[in-house]
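Q: Hi! I have a new model open and would love to walk through it with you. Shall we take a look?

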Amino acid sequence: ALLLDVYHPEEPNGYGSVHVSGSGWSAPLSPDASPLKAQGHVTCEAYPLAKAGYTMFTINHRAAPRFRFPDPVLDCQRAVRWIRAHAADYNIDPDRLGAIGGSSAGHLVSMLGALDGEGNADSDSEVERQSAKVQCVVARAGVYDFMNSGRNSPLLGHGAPGEDDGSPEAQTAKEASTITHVSKGDPPTLLVHGTEDDISRSERLRDVMQAAGVPVKLFPVPGSGHGPSYPGAEIEMSEIQAQYVAWFDEHLKG
């Protein structure tokens, strides 16, 4: 179900952000499974921003093995459209929305920044008339280039040939890759990645964004592996979370 939880700050600053939990684009099939919006990523990624005054919306999306690309992307876009359509209910600026997420969600929130996300002006639905593009992104340890990921992905249901050979697999991998969609008008993006993880993924997106003229910063976390709590990190978690808040303060409120 396309449900979301809203985290209201004690002292709202008038800005909001969608939050997506990482899950490998996958979800358990059991009806008793905990929903995506209830994962521990919320504490690590959404709470610091809520404490800083941002109204946070942490969401569910369709996931593998039952659903594949583009369904999770479409659901994240739908969430942004819904939040924008109901911005007045939450006393947030509809024209200034952020997005934060890590791992598979790092990919998804990066797509919210890179895709045009134009609404359907002819739709009878107020929600579908809204834009799905966000104005600020924080993405942790995502996969941004499926053509060269070197492995099968649950999101795609297959691997990629590594080059555009005209195959359906290559076409899907290109469409799912953030680097395919980057353009000059994309929002400021903070990339956070552990140095003991495959940081080259974020370095590649940083380079593509810089070439396109997109404001981007890569914050490497020394000693850290993969995960929202940055296992093995040589700096305090609070220092990393302060980077999230500073980026939103500068580029969403600014």
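A: Happy to. This is a predicted model. A good place to begin is helix α4, which is mostly covered: 11 of its 11 residues are buried.

Q: Which residues of α4 are buried, then?

A: The buried residues of α4 are Ser-104, Ala-105, Gly-106, His-107, Leu-108, Val-109, Ser-110, Met-111, Leu-112, Gly-113 and Ala-114.

Q: And what do they pack against?

A: The buried residues of α4 pack against β2, α2, β4, β5, α5 and α6 (178-181).

Q: Let's follow α2. How many of its residues are buried?

A: For α2 the count is 12 of its 15 residues, so to speak a mostly covered helix. Among the buried ones are Val-73, Cys-76, Ala-79, Val-80 and Ile-83, and the list also includes Asp-71, Asp-75, Arg-81 and Arg-84.

Q: What are the packing partners of those buried α2 residues?

A: They pack against β1 (4-7), β2 (16-20), β3, α3, β4 (97-102) and α4 (104-114).

Q: How does the length of α2 agree with what it should span?

A: At 1.5 Å a residue, the 15 residues of α2 (71-85) should span 21 Å, and the end C-alpha atoms are 21 Å apart, which agrees.

Q: Switching topic: which residues have the most contacts inside the largest nonpolar core?

A: Those are Val-18, Val-20, Ile-92, Leu-112, Phe-146, Leu-191 and Leu-205, in a core of 43 residues. A second, separate core has 21 residues, including Tyr-230, Tyr-244, Val-245 and Trp-247.

Q: Why would nonpolar residues gather like that?

A: In soluble globular proteins, nonpolar side chains tend to be buried together.

Q: Back to Ile-92. What is in contact with it, leaving aside neighbours within four places in sequence?

A: Ile-92 is in contact with Gly-14, Tyr-15, Gly-16, Thr-55, Phe-57, Ile-83, Ala-87 and Leu-97.

Q: Phe-57 caught my eye there. Is it buried or exposed?

A: Phe-57 is buried, with a relative accessible area of 0%. Phe-57 also forms an aromatic cluster with Trp-82 and Tyr-90.

Q: How many aromatic pairs are there?

A: The count comes to five aromatic pairs. One of them is Phe-57 with Tyr-90, an edge-to-face pair at 5.1 Å centre to centre and 90° between the planes. Phe-57 lies in strand β3 (55-59) and Tyr-90 in helix α3 (87-90), so the pair ties together parts that are 33 residues apart in sequence.

Q: What sits over the ring of Phe-67?

A: The charged end of Arg-62 does, 5.5 Å from the centre of the Phe-67 ring.

Q: OK, backbone oddities. Which prolines follow a cis peptide bond?

A: Pro-65 is one: the bond from Ala-64 to Pro-65 is cis, with omega near 5°. Another cis bond joins Phe-69 and Pro-70, with omega about 10°. Pro-65 is in the loop between β3 and α2, and Pro-70 is in the loop between β3 and α2 as well.

Q: What about positive phi outside glycine?

A: Ala-141 has a positive phi of about 50°. Ala-141 is in the loop between β5 and α5 and is buried, with a relative accessible area of 5%. Tyr-230 is another case, with phi near 55°.

Q: Why are those worth pointing out?

A: Most residues other than glycine have a negative phi, and most peptide bonds are trans.

Q: Where is Tyr-230, and is it buried or exposed?

A: Tyr-230 is in the loop between β7 (216-221) and α8 (237-251). At 3% relative accessibility, Tyr-230 counts as buried.

Q: What about Val-221: which contacts does it have beyond four places in sequence?

A: Val-221 is in contact with Val-192, His-193, Gly-194, Thr-195, Tyr-230, Ala-233, Ile-235 and Ile-240. Val-221 is in strand β7 and counts as buried at 0% relative accessibility.

Q: How far apart are Val-221 and His-107?

A: They are 114 residues apart in sequence and 18 Å apart in space, C-alpha to C-alpha.

Q: Last one: where does Ser-167 lie?

A: Ser-167 lies in the loop between β5 (136-140) and α5 (168-176). Ser-167 is buried, with a relative accessible area of 16%. A polar atom of the Ser-167 side chain is 3.1 Å from the backbone nitrogen of Ala-170.

Methods. Residues numbered from 1 in each chain as written. Predicted model: local features only at pLDDT ≥ 70, side-chain atom pairs only at ≥ 80, totals over all residues. Heavy atoms only, no water. Helix = DSSP H or I, 4+ residues; strand = E, 2+ residues; numbered from the N terminus. Buried < 20%, exposed > 50% of the residue type's maximum accessible area, 1.4 Å probe, protein only. Polar contact = N/O pair within 3.5 Å; in protein donor to acceptor, adjacent residues only side chain to side chain. Core = buried A, V, L, I, M, F, W, Y, C linked by side-chain atoms within 4.5 Å. Contact = heavy atoms within 4.5 Å. Phe/Tyr/Trp six-rings, centres within 6.5 Å; stacked < 30°, edge-to-face > 60°. Lys NZ or Arg CZ within 6 Å of the ring centre and 35° of its normal. Expected span 1.5 Å × (residues − 1).
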